[in-house]
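Please look at the model below, and follow the report with the sequence at hand. It begins with a cysteine and its bonded partner, and then turns to the chain as a whole and to one helix.

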Amino acid sequence: MKTAETGKPVRAEADSAISSVPRHLLRGVLGFGLITGSIALVPFAGPAALLAAPLGLVALRGCPACWVIDLAQTVSRGRLERSCTDGVCTLTKAGGTAST
């Protein structure tokens with residue numbers, strides 16, 4: 001779909017992906033580590049260990065599935081472009097050919 005004013009393809013709204021893959025992976029290690037650690041420490045520290053789980057969710061910025069989706073967006077940022085014309089959307093490499 002193209003905009004009426006410019007005739008350029010409509011782009012998706014800004015997403016929550018960050019610009020650095022290593023930084024995103026660090027957030028994932030921290031988040032999943034806190035969640036896993038809080039569950040694993042319950043036999044030793046009791047239910048109080050579960051207080052670390054919300055910190056893990058904060059590091060992941062919400063749900064683990066959203067973190068995975070943001071990772072895919074971060075990796076593909078600038079490499080793929082989506083354009084829709086006449087109700088048909090295609091995914092192309094930036095400056096390349098269609099890969100539907």
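At 9% relative accessibility, C84 counts as buried, where buried means under 20% relative accessible area, exposed means over 50%, and partly exposed lies in between, with a 1.4 Å probe and protein chains only. Its partner C89, at 38% relative accessibility, counts as partly exposed. This is a predicted model, in which local features need pLDDT of at least 70 and side-chain atom pairs count only at pLDDT 80 or more, while totals for chains, interfaces and linings use all residues. Residues are numbered from 1 along each chain as its sequence is written, and side-chain values use heavy atoms, with hydrogens and water left out.

A disulfide is a covalent bond between the sulfur atoms of two cysteines; here the term is applied to a pair of cysteine sulfur atoms within 2.5 Å. A search of the whole structure finds two disulfides, and they follow the pattern 1-2, 3-4 when bonded cysteines are counted along the chain.

| Disulfide | S to S distance | Torsion about the S-S bond | Handedness |
|---|---|---|---|
| C63 and C66 | 2.4 Å | 80° | right-handed |
| C84 and C89 | 2.0 Å | about 105° | right-handed |

In the link of C63 and C66, C63 is partly exposed with a relative accessible area of 30%, and C66 is partly exposed as well, with 36%.

The protein chain has four helices and two strands, which run α-α-α-α-β-β from the N terminus on; helices (H or I, at least four residues) and strands (E, at least two) are DSSP runs, numbered from the N terminus. Buried residues make up 20% of the 100 residues in the chain.

Helix α1, residues 21–40, has 20 residues and reaches 28 Å from its first C-alpha to its last, close to the 28 Å expected at 1.5 Å a residue, the expected span being 1.5 Å times one less than the number of residues. Within α1, the residues H24, R27, G28, G31, I35 and S38 are buried. They cover an arc of only 120° around the axis, which puts them on the same side of α1; the arc is that of the directions from the helix axis to the C-beta atoms. These buried residues pack against α2 (42–45), α3 (53–59) and α4 (64–76), a contact being heavy atoms within 4.5 Å. The face of α1 turned away from the buried side carries the exposed residues P22, L26, V29 and T36.
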